[in-house]
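The exercises below ask you to read confidence, salt bridges and a surface patch from a model. Work through each task before turning to its solution.

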Amino acid sequence: MHYMLLYVIWKLPIVGTVCKLPITYYQQENFMSASAQHKHNWPTSSKTVSKVVSRQYTAERKCSLQLKFLEDLSRKEPDFPVPLRPHTVWEGMAVKLSCTVQAPLVETEALFDSTFPPSFVKEGETLVLSCGFTSPLLPFQQDIRTHLMTNLCRNHTFFCVYLCVCVSDGAAAVVGAAGSPLQVECSDVNRDYVFLSWKPPSADGAAPVQGYYIERCEVGLLKWSRCNEVVQKVCYYPVMGLQENTMYQFRVCAVNQAGVGRPSKPTEPILTSDPMEPSRTMGNVIRVPFPPTGVSVCELSDSYAVISWTEPDPRGKEPLTYFVERSIAGKNSWHLASMDMTVQSTRFAAFDLQKGKSYCFRVRSINKYGISDPSEPSQHLENICVPAAPHCIQAVADTDSSAVLLWKEPKNTEGILGYYLYCSEVGTSNWRTINNKPVNGTRFTVHGLNTNKDYVFRVKSVGRAGNSHYSEESQPVRIKAAKVVPSPPSGVCLLHCSGSEMVIGWRAPANQGGEAVKGYFLDQREKPQTVWREVNPKPVKERVYKVSALLEGHYYQFRLFASNVIGLSKPSQPSEAFLCEPWTMPEPGCPYDLELREVRRESLVVMWAEPLYQGQSQITGYVVEISQGEESEDWTEVTQESVTDRHLKISGLRAGQTYRLRVSAVNSAGVGRPSLPTEPITAQTKPGTKDMEIGVDNDGFIFLSFQASETAEDGQFKWNKNYRETIDAGRAHLETKHKTSEGWQVEVSDQGAVRLWLQTEPLSSSADLRMILNDREITSTPARKINFDKPNGLVEILFDQLSKEDEGSYTAQLKDGRAKNQFTLVLVDENKMLNVVIFSVFSEGPYFEEFLSWTVTEDCEMIMKCKVATDFLYVEKKMDQGERNAPGSSMQKVWNEIFNPTENDKGKYTLEMFDGQETHKRHLDLSGQGTAFCQCFFLDRAKVTKGLPDVVAIMEGKSLCLTCFADGDPAPEMFWLKNDREITSTGQYHIAHENKCTTITISSVTMEDSGNYSIFVRNSYGSQTVHVTVSVYKHGEKPRAGG
């Protein structure tokens, strides 16, 4: 998953428009820069670029002048064109005074009335952005530009909206195939030649990447053709045979044993041209050309060599082409390497080279007058090798969901583009790709890990010649917050003062640093002084401390340090200056040590300690106040009457809202000082929160139980009554057990045997197990063995082979004394389980592309489906989907359509299907049947011949008529469907059939009639479906785009 920050910049927008920008995302590391003036973002001529720059400069100047004009207007003083004048009135008369004020009207600039929410798209999908404005746009704003960029261009004339886009990897085109290559770039563009380079995909898929296919497309034709027949192993490739002055785009697909993966993002369009043309001087008329110079091997791999040279000087006015010759080094036997190819550029790629041999090359110039002498031979260039793997992989715990990964580079770093990182939970073989773009450097923070799980890591080097092998695995690291010093204490307050002593209280650190706080250190200083003095040389564990030997009438400040085994925290913020004088007020002091418990979506419990100073009478209760918001000082009493306990459950909270609480003590003299407010708390039930359970066991004892989702390594359960009172040990028995089970685990052997197992803590000899399958208790049988190892806490079920009878819900009910628990595993489909065997053992055969799933429609119909991939073989060669070949399937049939069959399609066809245990084959020999083959299987099958457009836009209230013609022998059946459901001739729908023609009429269409319609035709030889999109718009509206 890749996070990218998208800057959408409007400059001088059009009045009253809503801006929409479609963007198609690919797995790439950079954004393109787009412009509304260049729809395809093609390269422009120098004249066009000049116009664009000039237009942009003019617009910016116009905008700047308009802003200055508005600023000057805002500074102009108002004028009174009709001033007040004197009036004479009688006593008791009403007087009305009026005047006219004239001031420049300063129009308000239009702003964006909304912001873009975070958007999540998959690789290859299209994202549409839309934005409106708060008011009509001023003249200087009436133009629009959109840009996608990685850095914000600071300019006061721009109006910016920010959007965070999360792009996730799209699903693999072939199960197990590799990901898309990255950063495909074009370089060294010539008349008929271009050099491509790219970075390997981060995900190999089910098998390592074996190489790459390179594809090209002429801009505007939308037809991609493959450039190489043999898989290219390294991450660069020379493309020859291009047409001069033609625009091309290129893309790359990775190949492994599973097949061909998704193509990369296409390159920017490039124009093939002669790079020397602008600076070339023709010179005098030259008959036979001179030989080229500077012949050298500029690129070399184990499969080709790219030779470059400089055209002869003087060149002459006649067009030049070239012959390239080669010879094995040390021999003087030259052979033509370019063969019958016309080489127009000063580049040539020789592919048919033998490994282990050194070659030399030379070049001759050709024009209409003759062939030049040969050039000087080239020198040999060393091959580029796959880089070595990194070493010394080390992982260090960082937070409770991340770790810092460190490694050392290989000795030879030449050609290394970066590194790919991988992680796996200990005990599994599921390696996850961490980064989809190569990482530079030797340090990376890995996020998204599971707390308290052990992980191992490994690293690959990324080079142009391919990726290295995996490094050695790191040592396992447990994911938990790294142990650091605690954060500073907070909330320093005065709890009591006697005139020479002060009692200071404070809040615990918000973060203990992964280790328990061992104590606190207190500093003090008198208000005029700047030097702090240590109060307690030894740490105190309580968060209350009495400071002695103070001077009455003086002001003192205090600060705190917290310490753990790692070290000392930073100091807290200094307290306010407290006056040292005896407390004699009749009201009590402030409560302290406020603590929040049992925080839920609509309630929480607050607890506190009674004040150290009670006033001149006993405390009779407490007033609890609540404030909504993090900094609000609007306090409201929670209860109408004072609270007598030192805890209170507060209900009626709003989920997701933030609150603060404070408490004041009450005695006969009144309400005392309020406590420090609590830290802000959000009313929410955190995932995994569990409540206490109560029950009665078989012996009649009442039991309370609580299960914590996670505990610290040295964590303990502490039971209290009314939150503070200890429980009488004579009347209660405390029992704590650590849960070690993570539920059912599944293992499948290469032979197809299946093991379900469950690991718990060690159990006593009196422990009991009940195994339930589909609401009935089962026992061990020869075909399904159940083992219960009590001392080791192991429950397992062993199957030689899963069968239909083994489907269902398995529940293990465990009881050991008064402790009970149960674990459930659902096997919804035996093939879903057996797919593990299919995929691991028969990686080349059929497999489940989609597991069994179910959906419920609006009409309360449940649809269950799964998708099986099958292999069609033609003359023992696998047939993949292509332009002339389209395999398909239904619940009863599988088929493979071959469009426009030729004589080359004759032969033996084989269908392979795997049921989890054995492979089934069906054969069809179509050798020598010629025309009969074509007629029987293709000319007579049902097909749509004409009639349906792709999109229909119609105004609400009109009638829609769609007509479709079909052909086939026998005559095909024809069905109309809407959103994949059959339409019948009732109500507003009227369907007519006549002589291989069908018509559907929809009377008085409404907005609800919009949708995807299709015609389905079939006969005994085949079927076809053609789709049409119907878009209904209201009167007065414009048809939607595409309609």
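Helices (H or I, at least four residues) and strands (E, at least two) are DSSP runs, numbered from the N terminus. The model used throughout is a predicted one.

**Exercise 1.** Locate Leu84 relative to the strands, and decide whether Leu84 counts as buried or exposed.

Solution. Begin with the secondary structure: Leu84 sits in the loop that runs between strand E3 (79–82) and strand E4 (100–102). Next, apply the cut-off for exposed residues, which is over 50% relative accessible area; because Leu84 has 58% relative accessibility, Leu84 counts as exposed. Finally, look at the surroundings, where Leu84 joins Val89, Trp90, Met93, Val95 and Leu97 in making a nonpolar surface patch of about 700 Å².

**Exercise 2.** Establish which parts of the chain the salt bridge between Glu215 and Arg251 ties together, and state whether the two residues are buried or exposed.

Solution. The structure holds 22 salt bridges, and one of them is formed by the side chains of Glu215 and Arg251, at 2.6 Å from N to O. Since Glu215 belongs to strand E10 (residues 211–218) and Arg251 to strand E13 (residues 247–256), the pair ties together parts that are 36 residues apart in sequence. Both Glu215 and Arg251 are buried.

**Exercise 3.** Carry out the analysis for the salt bridge of Arg543 with Asp593, and classify the accessibility of each partner.

Solution. The closest N and O atoms of Arg543 and Asp593 are 2.6 Å apart. This pair links distant parts of the chain, with Arg543 in the loop between strand E34 (533–534) and strand E35 (544–547), Asp593 in strand E38 (residues 592–597), and the two positions 50 residues apart. For accessibility, Arg543 is partly exposed with a relative accessible area of 26%, and Asp593, at 32% relative accessibility, also counts as partly exposed.

**Exercise 4.** Describe the salt bridge between Asp806 and Arg784, and then identify the network into which Glu325 is joined.

Solution. The side chains of Asp806 and Arg784 meet at 3.8 Å, N to O. Asp806 lies in the loop between strand E55 (794–799) and strand E56 (808–816), while Arg784 lies in strand E54 (residues 784–789), so this pair ties together parts that are 22 residues apart in sequence. Asp806 and Arg784 are both buried. As for the network, salt bridges that share partners join Glu325 with Arg362 and Arg364.

**Exercise 5.** State the mean pLDDT of the protein chain, and describe the confidence over residues 1–56.

Solution. The mean pLDDT is 77, and 73% of the residues reach 70 or more. Over residues 1–56, however, pLDDT stays under 50, and the model has 180 contacts beyond four places in sequence for them.

Definitions and conventions
Residues numbered from 1 in each chain as written. Predicted model: local features only at pLDDT ≥ 70, side-chain atom pairs only at ≥ 80, totals over all residues. Heavy atoms only, no water. Patch = residues over 30% accessible without salt bridge, like charges linked within 9 Å, V, L, I, M, F, W, Y side chains within 5 Å. Areas by Shrake-Rupley, 256 points an atom, 1.4 Å probe, with all protein chains shown as cover. Salt bridge = Lys/Arg side-chain N within 4 Å of Asp/Glu carboxyl O. Buried < 20%, exposed > 50% of the residue type's maximum accessible area, 1.4 Å probe, protein only. pLDDT = per-residue confidence, 0-100. Contact = heavy atoms within 4.5 Å.
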